[in-house]
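User: I'd like to learn how to read a model like this one, feature by feature. Could you take me through it?

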2 protein chains.
Amino acid sequence: MEASEIYKCIADPQRLRILNLLEAGPLCVCHMQEILEVPQVKMSKQLSSMKQLGLLKAHREGTWMIYKLVDPVEGLITANLCYLREAACAECNQLQRDLTKREKLILKVTKIENDCPQEVCQQITCC
Amino acid sequence: MEASEIYKCIADPQRLRILNLLEAGPLCVCHMQEILEVPQVKMSKQLSSMKQLGLLKAHREGTWMIYKLVDPVEGLITANLCYLREAACAECNQLQRDLTKREKLILKVTKIENDCPQEVCQQITCC
DNA sequence: ATGATATATACTAATAATAGTATATACTGT
DNA sequence: ACAGTATATACTATTATTAGTATATATCAT
């Protein structure tokens, strides 16, 4: 994959946030939507463009679609996320907040609502 | 500066190449033009957009305009150039070739033609 | 089969980015 | 003042990206 394609992808803050979330583990669309507070259409279109680009893959679990980063993760993505998580800019702080929000959400849907896609809830110790 | 602005900038291979060249030292417009083989208008417009963004600064030396990276160089730029110079993709290889071409050109204009902007030719041992 | 939930796609409108041509400016040497 | 070189800008045409609304598909529970 060419570098410019990757940069074009992460030049959109929303897409960068998606990659940031997924680097921490797979997530289903509706939960990403909830974390990022973005309309469904936009979410879906961005995910599909990233899938097409070869950064993400998806599979279905019931009515949920679970997205994850392809393995191995594109090095340029990893390197930049790593850099940004330490850096100081509005967008960088957002990435941290998103990860926190993700933790809380997974806990909620898993332990409290008991309604979590298997692959997502596996990330916490209860199941 | 927000990360997305920087990514939008380097998402254009041409602009990335400019940053790559300038990280090795200041250069005047016409020499960058020669190295990148790009029309004057395009060169000028890209430089001015990067200057406006706050990544570059310029000063005049006779009829030449010498561009350089602002100091300190934006960390995200440095980190990415560093990564890409080691990486393997068409654009990454191009960056290496550009640096070689830059060396040769500076040598030519300095030693052979004896017609080099002071700040540029300072980079080689002869003057 | 029907309704509910989650997700994707088609289509359109709106906006932004790029490229090209022509022209302008700044400086130098004569 | 004039010609030549280097660079920048204005304007226009073209193309790409994004956003929004409506609609379609897939799965599940009843």
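User: Let's start with the sheet in chain B: how many strands form it, and in what order?

Analyst: First, the ground rules. This is a predicted model, where local features need pLDDT of at least 70, side-chain atom pairs count only at pLDDT 80 or more, and totals for chains, interfaces and linings use all residues. Residues are numbered from 1 along each chain as its sequence is written, chains are lettered from A and ligands numbered from 1 in the order in which they are written, and side-chain values use heavy atoms, with hydrogens and water left out.
Now the idea: strands (E, at least two residues) and helices (H or I, at least four) are DSSP runs numbered from the N terminus, and two strands pair if DSSP finds at least two bridges between them. In chain B, 3 strands make an open antiparallel sheet in the order β1-β3-β2. The edges are β1 (27-28) and β2, each with a single partner strand, so one side of each has no neighbour in the sheet.

User: How many bridges hold β2 and β3 of chain B together?

Analyst: Strand β2 (residues 56-61) and strand β3 (residues 64-69) of chain B pair in the antiparallel sense over 6 bridges. To get the register, look for facing residues: B:K57 sits opposite B:K68 in β3(B), and B:E61 sits opposite B:W64 in β3(B). The hairpin of β2(B) and β3(B) has 2 residues between the strands, and there B:G62 takes a positive phi near 65°.

User: And chain A: what is the strand order there?

Analyst: Chain A has an open sheet of 3 strands in the order β1-β3-β2, with antiparallel pairing. Its edge strands are β1 (27-28) and β2 (56-61), each with a single partner, so each has one side without a neighbour in the sheet. Going across, 2 bridges join β1(A) to β3(A), which run antiparallel, and A:L27 stands opposite A:Y67 in β3(A). On the other pairing, β2(A) and β3(A) (residues 64-69) are antiparallel over 6 bridges. Their hairpin has 2 residues between the strands, with A:G62 at a positive phi near 65°.

User: Say I click on A:E61. What does A:E61 contact beyond its sequence neighbours?

Analyst: Begin with the address: A:E61 is in strand β2 of chain A, and A:E61 stands opposite A:W64 in β3(A). Contact means heavy atoms within 4.5 Å. Leaving aside neighbours within four places in sequence, A:E61 is in contact with A:I66, A:P117, A:Q118 and A:E119. A:P117 is 56 residues away along the chain from A:E61, yet their C-alpha atoms are separated by 6.8 Å. The A:E61 side chain also reaches the backbone nitrogen of A:Q118 at 2.4 Å.

User: What about salt bridges: how many does the structure hold?

Analyst: The rule asks for a side-chain nitrogen of Lys or Arg within 4 Å of a carboxyl oxygen of Asp or Glu. Over all chains, that gives 14. One of them joins A:D98 and A:R17, with the closest N and O atoms 2.6 Å apart. That pair links distant parts of the chain, 81 residues apart: A:D98 is in helix α6 (residues 90-112) and A:R17 in helix α2 (residues 13-23) of chain A.

User: On to the interface. How much area do chain B and chain A bury between them?

Analyst: Buried area is the accessible area (1.4 Å probe) that two parts lose on being put together, summed over both. Here that's about 1500 Å², 59% of it on carbon and sulfur atoms. B:E2, B:Y7 and B:Y83 supply 34% of the area that chain B buries against chain A, more than any other three residues. In residue terms, 18 residues of chain B contact 18 residues of chain A.

User: How many salt bridges cross that interface?

Analyst: The rule finds 0 salt bridges between chain B and chain A. The largest share of the chain B side, 6 residues, comes from α5(B).

User: How are the two copies related?

Analyst: The approach is to superpose copies by least squares on the C-alpha atoms of residues with pLDDT of at least 70 in both. Chain B lies on chain A with an RMSD of 0.0 Å after a turn of 180° and a shift of 0.0 Å along the axis. The copies are thus related as by a two-fold rotation axis. The same surface serves both, as 100% of the contact residues of chain B recur in chain A. Of chain B's residues, B:Y7 comes closest to the rotation axis, at 2.7 Å (C-alpha).

Conventions. Polar contact = N/O pair within 3.5 Å; in protein donor to acceptor, adjacent residues only side chain to side chain.
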